[in-house]
Amino acid sequence: MHIKIDNLSKTYRGNVHALNSLSLIIPQGMFGLLGPNGAGKTTLMRILAGILHPSSGTLHVGQYSGTSEKGRAVIKQILGYLPQELGMYPDLSAYEFLDYVGLLKGLKDRTLRQQRVEQLLEMVALSNVARRKIKTFSGGMKRRLGIAQAIINDPQLLIVDEPTAGLDPEERIRFRNLLTDLGGNRTVLLSTHIVEDIAQTCQNIAVMKSGQVIFQGTVAQMLQATNGKVWLITTSGPRPEGNFTIVSALNMGANVQYRVVGNLSPRAGAVPTEPGLEDGYVWLMHTHQPQPVGIQTR
Amino acid sequence: MNIPSVTGGALRYEFFMQIRRRSIWLVLILTSILSVILWLAFISDASAQAVDAIMYLAEFTAWFLPVGAGLVLADRLARDKRLHVDEILDTFPGSLGARLIGKYLGSTLATLVPVILIYMLGVGYILARYHDPHSLLLALETFITIPLPGILFAAGFSVALPVILKVPIYQILFVGYWFWANLMSPRFHIPSLTGTMLNATGPWAQEAFFHFQWVFLRLNPTVWQGIASIILLIGLSFLAICAAWLYLCWERARR
């Protein structure tokens, strides 16, 4: 199932343009959406999930229109959503919460629903704490329970918004592996500002800035665009300056090695290096300016 | 999407979540103290019969326990927003109206459990004192017709109105409204709803079905008026839930 977005705009009260004529095609499989805070990623996720209505533009999830009430109702039947700020009822146990969500998502058959709940708890490694109240769970456990509730209805479209924010490295790796297992025959849209999450899980990505898509393609294409733009500058002197962004600084005792992204004029100590996804992201942010926006009306 | 199964699921889990709250037991026990004090004062007379004891038990239960019920139900809908659960609930295919009805029924039924237990304690005392087994049937009839409609009335508005009012503000206004609309004695010469069918403490049903005069009202209603008062109270509670549903649908459409 693929998603087609055409000139989608969203303006909040106070003339805040969260999305500006955004166009995007999201193919089946794992798709990463990268962008800084305030780029419009969560707004786009919420529109796809049917929580927000766009100000203008069209959106199709498969054959269903996401801008009509009827279309949204159908999309919700095939949708799983894990929001950035995940809320759960703290006094319910993990089992009870999943069972409740299963009921609300239309899993009427009690036996099948119970089997599904147990299967999911096993998948997200929460079987041994199934009867514990959610308020006793750690952040990582809540996130895993969150993904379980998102897939309880075996959705064709899974939207995951900033799923690893606040998780420790081990939990983050576990979560990424879980998401990768969920790819396959469904469309998984992973929105994050953590580049490593995308690098480890997605082949196709889009980068957003100020409500617009500034790049869409494969990871390989993004890296190709960044070829020749990434340098290592080793110096014992002051921090280098120029038309570039310092991505990292590694203190090596007598010298400091700076990894920079940008157009570098020839200088001593600057060695070109292979770009990584983070470099590609920085290069995009550095070079792309969002298009000017007119007054949006409904 | 199957509306009965969504309503049933919401009813079940809202019941579980409400019944587990220690605060509902605490609040209802505290509000019942006022009822018990008045009740014991009225039946302390040696000439009081079992019937009088049952009638006063129902009457004073209806005076104060709905206040407690309203207070503990006021946060049920607002809680979804506070806990950020509303965001995933809005993405579910199940009908918002079905969920809302389930929430109202489930949390109200859970709140009725301590109310019924407290009431049964009173009935137990009456049985022990008067040894009249017919009191049980009368106690059931009076509970269903006198305090229960008022509790459902309070529950409907307490679940619905916090959609537009902050919960603490609603709770304060609700307590003020309850005493003004239901328990304002005519001797204060303050216009109120006490003498109307909107009195949720059941004086119309009490006098119409059981011919037992309310403490400071003389209504002389017919049986049909008694029935009408119950239908009005329960109907208004469902109207309040419908209004909340319409408001939430409108708010959703505006996002």
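**Exercise 1. Domains of chain A**

Task: State into which domains chain A of this predicted model is divided, and how far apart their C-alpha centres lie.

Solution: Chain A falls into domain 1, residues 3-218, and domain 2, residues 228-274. The C-alpha centres of these two domains of chain A are 38 Å apart.

**Exercise 2. The largest nonpolar core**

Task: Determine how many residues the largest nonpolar core has, which helix gives the largest share of this core, and where the core lies with respect to the domains of chain A.

Solution: Begin with the membership. The core has 146 residues, and those with the most contacts inside it are A:Phe97, A:Leu98, A:Ile159, A:Val188, A:Leu190 and B:Ile151. Next, consider the source of these residues: helix H3 of chain B (residues 50-73) contributes the largest share, 16 residues. Finally, domain 1 (3-218) and domain 2 (228-274) of chain A both give residues to the core, so the core lies between them.

One core residue can then be examined in detail. Apart from its neighbours within four places in sequence, A:Ile159 is in contact with A:Met45, A:Leu48, A:Ala49, A:Tyr81 and A:Leu189.

**Exercise 3. Packing of H3(A) and H5(A)**

Task: Classify the relative orientation of H3(A) and H5(A), give the handedness of their crossing, and name the residues that make the contact.

Solution: The axes of helix H3 (residues 94-104) and helix H5 (residues 139-151) of chain A are 9 Å apart, and the packing angle is about 25 degrees. Angles under 35 degrees count as roughly parallel; H3(A) and H5(A) are therefore roughly parallel to each other. The crossing of H3(A) past H5(A) is right-handed. On H3(A), the contact is made by A:Ala94, A:Phe97, A:Leu98 and A:Val101; on H5(A), by A:Leu145, A:Ala148 and A:Gln149.

**Exercise 4. The side of chain A that touches chain B**

Task: Describe the contact between chains A and B and identify the element with the largest share on the side of chain A.

Solution: The contact joins 26 residues of chain A to 20 residues of chain B. On the side of chain A, helix H2 (69-77), strand S6 (79-82) and H3 each supply at least two residues. The largest share, four residues, comes from H3(A).

**Exercise 5. Positive phi values**

Task: Locate A:Asn7 and A:Ala125, and assign the exposure of A:Asn7 and of A:Ala125.

Solution: A:Asn7, a residue other than glycine, has a positive phi near 45 degrees and is found in strand S1 (residues 3-12) of chain A. Because A:Asn7 has 14 C-beta neighbours inside 10 Å, it counts as partly exposed. A:Ala125, also not a glycine, has a positive phi of about 60 degrees and lies in the loop between helix H4 (110-123) and H5 of chain A. With 13 C-beta neighbours inside 10 Å, A:Ala125 counts as partly exposed.

Methods. Residues numbered from 1 in each chain as written. Chains lettered and ligands numbered in written order. Predicted model: local features only at pLDDT ≥ 70, side-chain atom pairs only at ≥ 80, totals over all residues. Core = buried A, V, L, I, M, F, W, Y, C linked by C-beta atoms within 7 Å. Buried ≥ 20, exposed ≤ 12 C-beta atoms within 10 Å, placed from the backbone. Domains from an automatic or database assignment. Contact = placed C-beta atoms within 7 Å. Axes fitted to C-alpha atoms, helices over the stretch in contact; angles between N-to-C directions. Parallel < 35°, antiparallel > 145°, perpendicular 65-115°, else oblique. Left-handed = near helix turned anticlockwise from the far one by under 90°.
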